[in-house]
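Welcome! Below are a few short exercises, each followed by a solution in steps. Have a look at the model first, then work along.

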Amino acid sequence: MFDKLLQIIVIGGGAAGFFGAIAAAQTYPKSRIILLEAGLEPLAKVRISGGGRCNVTHACFDPGILVQNYPRGGKALRGAFARFQPRDTVEWFANYGVQLKTEADGRMFPTTDDSATIVNCLIRVAKEVGVELRTREAVVSINKLNADLSAAKLSKNEVKIADKLSTGFEIELKSGEKLKSDRLLLATGSNPAAFKWAKELGHSIAPPVPSLFTFNISDPRLQNLAGISVSNVRIQLPSAKLEQSGPILITHWGLSGPAVLKLSAWSARFLNECRYQTGLLINWLPQYNQEVLRQQLQAVKSQLPKRAIATSCPLPIPHRLWEHLTVAVGIDSEKRWSELSNKILNQLIQELTQGEYQVKGKGAFKEEFVTCGGINLKEIDFKTMESRCCPHLYFAGEILDIDGVTGGFNFQSAWTTGWLAGQAIGKSI
């Protein structure tokens, strides 16, 4: 441990920044920790997440399964989650008087259903442990400080050691003030300025592109069906050889819901490269194979020959969707089951299980602001979150090339990486 007062600066007043600053203050109580936030209010994303309820984490307590929810970064997080995972997050908040509850889909929220509970807790704890929070403090540049070794006659190995011992940083603020720090944690989220600083300090960046978004699809089969949901659908992007299953929601602009959001995350780079213009296959009934579906429809044809096809849906999908899909294959509203030809039956089965749609663009998912891309993970020591390129520089949160699907996974990676960084940031060499 250093004899002098160690100065630690954390840039970014979000989930990862607060968790890192608090962990550092608790682990190294003799250090001075300054948390810089460019905005007027810290924890803005925490405040609006989960529709204002804050989806703190996910009730998945097996790190091996947990990492499967990260399109990028899962491998790097495997060891990290062995040290701090959702169970630790739940316990951490409980220790400070915040109880979490688990919903049917595994998402965890404060029992108050109010994100202010999480925001107030983090701000209160940070203050209690001595973190100096400074808002409206935009950073304009970061410079690495090294000792002047020009007059010293040192071997290459000695130069490396001396350089590591002397590394510090000068942070210039928009106000003109300059701060010096012995340790620096970047937890800015996906911030172009922060990526520029990281590159100047020796890092490479995976270009950031959107993740977690809805699909814009203009198609007669979906028109006037906004608000209709189907609980189990399989969707595929054939060109990317990717698929997801789960609930889907038809919207005014196309498709949303968990299956779409997951597919958008796993195919984020592919969709960006094709400018969000690609073919999509929809299987509205993945629980049936085509032969079983054929037998079921033929049984209806035999048992209810005089019923109108459009108004007698024999399958577990919404009736209005069924009507639209029958129209799509040329079945008019008056056609009876007895009049259904094998050719039209085949077309209907194809429409139900392999309907072809065209994605024309992406929409927003307002509860999440997640990007794919960031600091190259090979350049980070995931035991400490310290840079392998620049001694005493640490990273946490979405500035890293890590992103999870919706459900509390992105916050969990923020808590984990922030905690690991804060635990390690004050250690001597």
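**Exercise 1. Find the residue in β10 that is the bridge partner of I11, then place β10 among its neighbours.**

Step 1. The bridge partner of I11 is L186, in β10. Before going on, note that this is a predicted model, where local features need pLDDT of at least 70, side-chain atom pairs count only at pLDDT 80 or more, and totals for chains, interfaces and linings use all residues. Residues are numbered from 1 along each chain as its sequence is written, and side-chain values use heavy atoms, with hydrogens and water left out.

Step 2. Strand β1 (residues 7-11) runs parallel to β10, and four bridges join the two. Strands here are DSSP runs of E with at least two residues, helices are runs of H or I with at least four, and both are numbered from the N terminus. Two strands pair if DSSP finds at least two bridges between them.

Step 3. β10 also pairs with strand β22 (residues 393-395), in the parallel sense and over three bridges. Here L184 stands opposite L393 of β22.

Step 4. Now look at the side chains of strand β10 (residues 183-186): R183 and L185 point one way, L184 and L186 the other way, and all are buried. Buried means under 20% relative accessible area, exposed over 50% and partly exposed in between, with a 1.4 Å probe and protein chains only. In a regular strand the side chains alternate between the two faces of the sheet.

**Exercise 2. Work out which strands stand at the edges of the seven-strand sheet.**

Step 1. Write down the order of this open, antiparallel sheet: β17-β16-β13-β14-β15-β12-β18.

Step 2. β17 (355-359) and β18 (361-362) are at the edges; each has a single partner strand, so one side of each is left without a neighbour in the sheet.

Step 3. Follow β17 to strand β16 (residues 278-283): the two pair in the antiparallel sense over five bridges. One of the residue pairs is G279 with Q358 in β17.

**Exercise 3. Do likewise for the open sheet of three strands.**

Step 1. The order is β3-β5-β4, with antiparallel pairing.

Step 2. β3 (57-58) and β4 (100-102) stand at the edges with a single partner strand each, so one side of each has no neighbour in the sheet.

Step 3. Two bridges link β3 to strand β5 (residues 107-110) in the antiparallel sense, and H58 stands opposite R107 in β5.
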